[in-house]
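Subject: A structure for you to look through

Hi there,

Here is the structure I promised to pass on to you. Have a look around it first, and then read my notes below.

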Amino acid sequence: MTYTPSPERYNTMEYRRCGNSGVKLSAMSLGLWHNFGHVNNFENSRNLVKTAFDHGITHFDLANNYGPPPGSAEENFGKILFQDLRSYRDELIISTKAGYTMWDGPYGDWGSKKYLVSSLDQSLKRLKLEYVDIFYHHRPDHNTPLEETMAALDLIVRQGKALYVGISNYRPAEAEKAFRILKDLGTPCLIHQPKYSMFERWVEGGLLDLLEKEGVGCIPFSPLAQGLLTDKYLHGIPADSRVATSGVFLKEDHITPERIEKIKALNQIAEQRGQKLAHMALSWILKDKRVTTVLIGASKPDQITDSLQALKNTNFSTDELAAIDRILA
Ligand SMILES: NC(=O)c1ccc[n+]([C@@H]2O[C@H](COP(=O)([O-])OP(=O)(O)OC[C@H]3O[C@@H](n4cnc5c(N)ncnc54)[C@H](OP(=O)(O)O)[C@@H]3O)[C@@H](O)[C@H]2O)c1
């Protein structure tokens, strides 16, 4: 059936400027790490994308290795774009990355120019696109000169295969060097993608300050700690949860009694705020104006509409913040 996006889609979403650039991103973005592989139900993946777009989410985040199998999330997203969103390409910001193992041999991993350029060529074929909006180096590579990796990003932009570039998982010192090299090359870094949630706060130790100083946007990933920062694991492991269905990156042994105690206490604060824990976890990230957009995942379309409730209240009192800090300490 032909898909017609909701005409209301731009009415309620907030759009935040990405660093000092000219581009704005929806305050919430959808990531395709899980639930978009060939192992997943294609109609569900398609409904996830349509639900997101219908609610004003314009940014979709991929990587060469998302699946499983690796590459299949890009293939499936390419199919969805072709079937449903072909006429809306100019309303979308599509990103992909390279940096983790993708193919055999010495050229299918890390940060060489050889790997990044060939990987993006492969991604564009899978996505059936001429260019992506953002191309990232997915993780730092200490065995390749940073100058080479950044020159690859610059080259890709000059070739017209990406409009902007970003880096992911870089710590402040290496990020600062990367920003300087990119600026000198004439391709400023648009955005940094770090892991950031109530359970993972390393970005507060210098990275957010650096991004503000350098005018680089920030897109925190796994803001719900892959689902831990919701009420779903409070009474065991639901059969349709990431722990039960995938169990690779989020495992049963991550759900320790200490963690459950913290989740229960956070859940109480969320209730006092009139939110669910999932909403509070996302609002807590978005309270910081240095954050451009929060990068969520979802296994069901109604999780997207549920998570969007977070946008209704991103203000926290100092008492609430102190109570949250005490729980997380
Ligand atoms: N740059 C990197 O190195 C890197 C690494 C990891 C991820 N990422 C990016 O970040 C994106 C998001 O990561 P993530 O999937 O770990 O994010 P997340 O938002 O922390 O976790 C998403 C999972 O939480 C559960 N969930 C989502 N909304 C919910 C709700 N409202 N109520 C209850 N449960 C909910 C779902 O899991 P269930 O299956 O349990 O329903 C969902 O798949 C990825 O898709 C990817 O684009 C980047």
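**What I found: starting with the sheet**

Strands β3 and β10 run parallel to each other and are paired over three bridges. One of these links can be found from the β3 side at M28, whose bridge partner in β10 is V294. Please keep in mind that this is a predicted model.

On to the whole sheet. What is the order of its strands? The sheet is open, has eight strands with parallel pairing, and reads β9-β8-β7-β6-β5-β4-β3-β10. At the edges sit β9 (217-218) and β10, each of which pairs on one side only. As general background, the strands of a sheet pair through backbone hydrogen bonds, in either a parallel or an antiparallel way.

You can follow several of the pairings strand by strand:

- β3 also pairs with β4 in the parallel sense, over two bridges, and here G31 has D61 in β4 as its bridge partner.
- β4 (residues 59-61) is joined to β5 by three bridges, again parallel, with D61 standing opposite S95 in β5.
- β7 (residues 162-168) and β8 (residues 189-193) run parallel and are joined by four bridges; the partner of G166 in β8 is I191.

**Buried strands**

Is β5 enclosed or open to the outside? Six of the six residues of β5 (residues 93-98) are buried, so this strand is largely enclosed by the rest of the structure. Both of its faces are covered: I93, S95 and K97 are buried on one side, and I94, T96 and A98 on the other.

β3 (residues 28-31) makes a nice companion example. M28 and L30 point one way from β3, S29 and G31 point the other way, and all of them are buried. S29 belongs to this strand and counts as buried because its relative accessibility is 0%. Its side chain is joined to that of T293 by a polar contact of 2.6 Å.

**The nonpolar cores**

The largest nonpolar core has 96 residues, and L30, F60 and L266 have the most contacts inside it. Helix α9 (residues 277-286) gives the most to this core, with eight residues. Apart from it lies another core of eleven residues, including I93, Y136, L190 and I191.

**Around the ligand**

Which residues are closest to the ligand? They are D61, S222, K232, R242 and S299, out of 33 residues that surround the ligand. You have already met D61 in β4, where it is the bridge partner of G31.

Three polar distances are worth finding on your screen:

- S222 has a polar side-chain atom 2.7 Å from an oxygen atom of the ligand.
- P223 has a polar backbone atom 3.4 Å from an oxygen atom of the ligand.
- L224 has a backbone N or O atom 2.8 Å from an oxygen atom of the ligand.

On its own, the ligand has 920 Å² of accessible area, and the protein covers 95% of that. The shell around the ligand is made up of eleven nonpolar, 15 polar and seven charged residues. β10 (294-296) and α10 (301-307) each supply at least two residues of this shell, and α10 gives the most, with three residues.

**Some backbone details in the loops**

Follow the loop between β4 and α2 (72-85), where you will find G67. G67 is buried, because its relative accessible area is 6%. Its C-alpha atom is 8.2 Å from that of L32, although the two are 35 residues apart along the chain.

The same loop holds P68 and P69. The peptide bond from G67 to P68 is cis, with omega near -5°. Another cis peptide bond joins P68 and P69, with omega of about -10°.

Finally, here are two residues with a positive phi. K128 has a phi of about 55° although it is not a glycine, and it lies in the loop between α3 (113-127) and β6 (132-137). Q226, also a residue other than glycine, has a phi near 65°, and its place is the loop between β9 and α7 (242-245). Are these two buried or exposed? K128 is exposed, with a relative accessible area of 53%, whereas Q226 is buried, with 15%.

Enjoy exploring, and write back with any questions!

Best wishes

How values were computed. Residues numbered from 1 in each chain as written. Predicted model: local features only at pLDDT ≥ 70, side-chain atom pairs only at ≥ 80, totals over all residues. Heavy atoms only, no water. Core = buried A, V, L, I, M, F, W, Y, C linked by side-chain atoms within 4.5 Å. Buried < 20%, exposed > 50% of the residue type's maximum accessible area, 1.4 Å probe, protein only. Near = heavy atom within 4 Å. Polar contact = N/O pair within 3.5 Å; in protein donor to acceptor, adjacent residues only side chain to side chain. Areas by Shrake-Rupley, 256 points an atom, 1.4 Å probe, with all protein chains shown as cover. Nonpolar A, V, L, I, M, F, W, Y, C, P; charged D, E, K, R; others polar. Pairing = 2+ DSSP bridges.
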